[in-house]
Amino acid sequence: MSGALQGRRVLVPRGGRWGERVAAQLTAHGAVPVIAPLIATAAPVDTAARDDAFAALAAGAFDWVLITSAAGVEAVGATPLPGGPRLAVVGPETARAATAEGRSVAFRPDGPSSAAALAEQW
C-alpha cells in the first residue's frame, strides 16, 4: 500500500491489545510500527480489595461502572455483569474497547475525553 505512512517508522507508546491493534492498522497503511510501551498495567497492591470489588460487581452490587480507559476495560475483562450495571466511559476509544468486549455503553460525554467532562455531564 502506498501513502504518507509508507515506510515510516511510527512509535506506538502502549503495548497489549491496544498497541497490537494500532500496530496492525499502521502496518496495513505501509508504516513500520515500533511498539515501546511507556506505561504498564500492574496488579494493585491490595489484590484482596480488587477481588472483593470484582466479586461484588459480578454479584450485581453496583448500579454503574465508570471506566476511564481502554486499559480499564481490559482490567474488568471477562468479569460477568449479571443484569448489568450501566457502563459509563470517558470517551470514544474507551467506548470502542468496551463494545469490542461485548459491553454496552450507557453513557459517554460529548467533547473532550476526560474524567472532568464525564463528571460534569453525567
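**View 1. A61 sits in the loop between α2 and β3.** Helices (H or I, at least four residues) and strands (E, at least two) are DSSP runs, numbered from the N terminus. What you have here is a predicted model, in which local features need pLDDT of at least 70, side-chain atom pairs count only at pLDDT 80 or more, and totals for chains, interfaces and linings use all residues. Residues are numbered from 1 along each chain as its sequence is written, and side-chain values use heavy atoms, with hydrogens and water left out. Is A61 buried or exposed? A61 counts as exposed, at 55% relative accessibility. The cut-offs are under 20% relative accessible area for buried and over 50% for exposed, with partly exposed in between (1.4 Å probe, protein chains only). From the C-alpha atom of A61 to that of A4, 57 residues away along the chain, the separation is 50 Å.

**View 2. The whole chain, before we go closer, has five helices and four strands.** Following the sequence, you will meet them in the pattern β-α-β-α-β-α-β-α-α. The C-alpha trace spans about 50 × 30 × 25 Å along its principal axes. The chain has 122 residues, and 25% of them count as buried. Its accessible surface is about 7600 Å², with 58% of that belonging to carbon and sulfur atoms; these areas come from the Shrake-Rupley method with a 1.4 Å probe, and for residues only the protein chains shown count as cover. Contact means heavy atoms within 4.5 Å. Among contacts with a separation of 6 or more, 38% are between residues 24 or more positions apart.

**View 3. The largest nonpolar core is made up of eleven residues.** A nonpolar core is a set of buried Ala, Val, Leu, Ile, Met, Phe, Trp, Tyr and Cys residues joined through side-chain atoms within 4.5 Å. To find this one, pick out L57, V65, I67, A70, V73, V76, L87, V89, A95, A97 and A98. Which elements give two or more residues to this core? They are β3 (64-67), α3 (70-76), β4 (86-89) and α4 (92-100). A98 is a handy place to start looking: setting aside neighbours within four places in sequence, A98 is in contact with V73, L87, R103 and V105.

**View 4. Helix α4 has buried residues, and they are T94, A95, A97 and A98.** They lie on the same side of α4, because they cover an arc of only 160° around the axis. The arc is that of the directions from the helix axis to the C-beta atoms. As a reminder, an α-helix has 3.6 residues a turn, so residues three or four places apart point the same way. What do the buried residues of α4 pack against? Their partners are β3, α3 and β4. After α4 comes G102, with a positive phi near 85°.

**View 5. T94, in helix α4, deserves its own close-up.** T94 is buried, and its relative accessible area is 5%. Which residues does T94 touch, not counting those up to four places away in sequence? Look for I67, T68, S69, A70, V73 and V89 around T94.

**View 6. L11 belongs to strand β1 (residues 9-12).** With a relative accessible area of 51%, L11 is exposed. Leaving aside neighbours within four places in sequence, L11 is in contact with V34 and A36. L11 and A119 are 108 residues apart in sequence, and their C-alpha atoms are 32 Å apart in space.

**View 7. T41 is found in the loop between β2 (32-35) and α2 (47-58).** This threonine counts as exposed, at 67% relative accessibility. If you track back 30 residues along the chain to L11, the C-alpha atoms of T41 and L11 are separated by 19 Å.

**View 8. A28 lies in helix α1 (residues 16-28).** A28 is partly exposed, with 45% relative accessible area. L5 is 23 residues from A28 along the chain, and the C-alpha atoms of the two are separated by 9.7 Å.
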